[in-house]
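Thanks, everyone, for making the time; I would like to walk through one model this morning, moving from a single strand residue to a helix pair and then to the charged contacts. Please have a look at the sequence and the structure before I start.

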Amino acid sequence: MTTETMPSAGAPTSSRPAPAWRHQHILDLDNFGRDEIEAVLDTADSMREILDRRIARVPALRGRTVVNLFYEPSTRTRASFELAGKALGADVISLTAAMSSVQKGESLIDTVRTLRAMRADVIVMRHSSAGAAYLAAEHTDASIINAGDGAHAHPTQALLDLYTMRQHFGDLAGKRVVMVGDISHSRVARSDMWGLTALGARVVVCGPPTLLPRGLRASERPAHAESALPPVTVETDIERAIEGAHIVMALRLQSERQQGGLLPSVGEYARRYQVTAQRLARAHPDHILMHPGPKNEGVEIAADVATGDRSIIEEQVTNGVAVRMALLYLLAGYAPGDVDGGSR
């Protein structure tokens, strides 16, 4: 892809020197350092400014093609990538497996190669199998953005979560962030763990023991073994977990990825782990409540707190467009930082 530099719109959003961008693909956040994450978030600040204009369009990606390739249903992620690409002037094509040659037996590798032969510059991919985005990246020189691969990773959701948290708290170092729910099957939780620990947050995960992945507790890791997850605090009591929390994130039960026998019943789960106003009273006075969506009100989150004054769930959705614009912009070869893609 061509490397260009856009003229600045004014003062930079950060006094930090912008790190060199080294990523061709966005597969997860386990290989992102703090500076690289902050470069994405700083660039997203500029994209939010573009979105707030009367005409929210700039020509930064004119002549480039972004393909959304979704093997699983999606509302927020797919729509936000479509809006992000169009806001930057790209040609955006959206495909679902049900309406493609996948139904005729075409493999993932063949599909990715075909799209690149059609001059796709970026392929945004969601797949039910963990590792699918990594496999695609090995077989194309187009940029692959992982929009969710099984229960493994969802890096763009994690980045928009981090961006939203930073809007409210600034530096996240030392902030207590609690994720409650089905940790084991949540690709959002895994990517959030990597991003939050890179930024110095104190991460607590809470849920039934059957919904906590092995390897989170230090006692479960073999001596000198490299863990597949960063170090976090594990708690099975929701009241203790939420105590003093700055950020509480409720997670949906991933019933489509679970096998039977992990929970006595959904009702029992809701009784013990639902995020309610009574439980949130234990959090920090200035706490915020988040949820990556889609949410099941009355199961993992009470309806009154989901729409309450501490909920920023809709902000997460809005910020998703800006963060995905930032990633498309950086993958196109532009430098991190403040940007201006054209006249107001």
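Let me begin with Thr65, which lies in strand β1, residues 65-70, where helices (H or I, at least four residues) and strands (E, at least two) are DSSP runs, numbered from the N terminus. Before going further I should say that this is a predicted model, in which local features need pLDDT of at least 70 and side-chain atom pairs count only at pLDDT 80 or more, whereas totals for chains, interfaces and linings use all residues. Residues are numbered from 1 along each chain as its sequence is written, and side-chain values use heavy atoms, with hydrogens and water left out.

With a relative accessibility of 16%, Thr65 counts as buried, the cut-offs being under 20% relative accessible area for buried, over 50% for exposed, and partly exposed in between, with a 1.4 Å probe and protein chains only. If we set aside its neighbours within four places in sequence, Thr65 is in contact with Asp91, Ile93, Arg119, Ala120, Asp121 and Val122, contact meaning heavy atoms within 4.5 Å.

One of those partners, Arg119, deserves a closer look. Arg119 is found in the loop between α3 (108-117) and β3 (122-127), and it is exposed, with a relative accessible area of 60%. Although Arg119 is not a glycine, its phi is positive, about 75°. As background, most residues other than glycine have a negative phi, and most peptide bonds are trans. On the second point, the peptide bond from Gly293 to Pro294 is cis, with omega near -10°, and Pro294 sits in the loop between β9 and α10 (303-306).

Now to helix α5. How far apart are the end C-alpha atoms of helix α5? The 15 residues of α5, residues 155-169, should span 21 Å at 1.5 Å a residue, and the end C-alpha atoms are indeed 21 Å apart, which agrees; the expected span here is 1.5 Å times one less than the number of residues. Of those 15 residues, 13 are buried, so α5 is largely enclosed by the rest of the structure. Following α5 comes Gly170, whose phi is positive, near 70°.

Two packed helices are described by the angle between their axes and the distance between the axes. For helix α1 (residues 34-51) and α5, that angle is about 75° and the axes are 10 Å apart, with axes taken as lines fitted to C-alpha atoms, for helices over the stretch in contact, and angles running from 0 to 180 degrees between N-to-C directions. That makes α1 roughly perpendicular to α5, on a scale where angles under 35 degrees count as roughly parallel, over 145 as roughly antiparallel, 65 to 115 as roughly perpendicular and the rest as oblique. On the α1 side, the residues that meet α5 include Ile37, Glu38, Leu41 and Arg48, while the α5 side includes Leu159, Tyr163 and Arg166.

That brings me to the salt bridges, of which the structure holds 15, each defined as a side-chain nitrogen of Lys or Arg within 4 Å of a carboxyl oxygen of Asp or Glu. Glu38 of that helix contact returns here, since Arg34, Glu38 and Asp171 are linked in a network of salt bridges.

Arg279 and Glu239 also form a salt bridge through their side chains, at 2.9 Å from N to O. Arg279 lies in helix α9 (residues 277-280) and Glu239 in helix α7 (residues 238-242), so the pair ties together parts that are 40 residues apart in sequence. Arg279 counts as buried at 12% relative accessibility, whereas Glu239, at 24%, counts as partly exposed.

Glu243 forms a salt bridge with Arg282 as well, with the closest N and O atoms 3.1 Å apart. This pair links distant parts of the chain, Glu243 being in the loop between α7 and β8 (247-250) and Arg282 in the loop between α9 and β9 (288-290), 39 residues apart. Glu243 is partly exposed at 42% relative accessibility, and Arg282 is partly exposed too, at 38%.

Last, a loop position: Pro230, in the loop between β6 (202-206) and β7 (233-235), is buried, with a relative accessible area of 3%. Pro230 and Trp194 are 36 residues apart in sequence, yet their C-alpha atoms are 6.2 Å apart in space.
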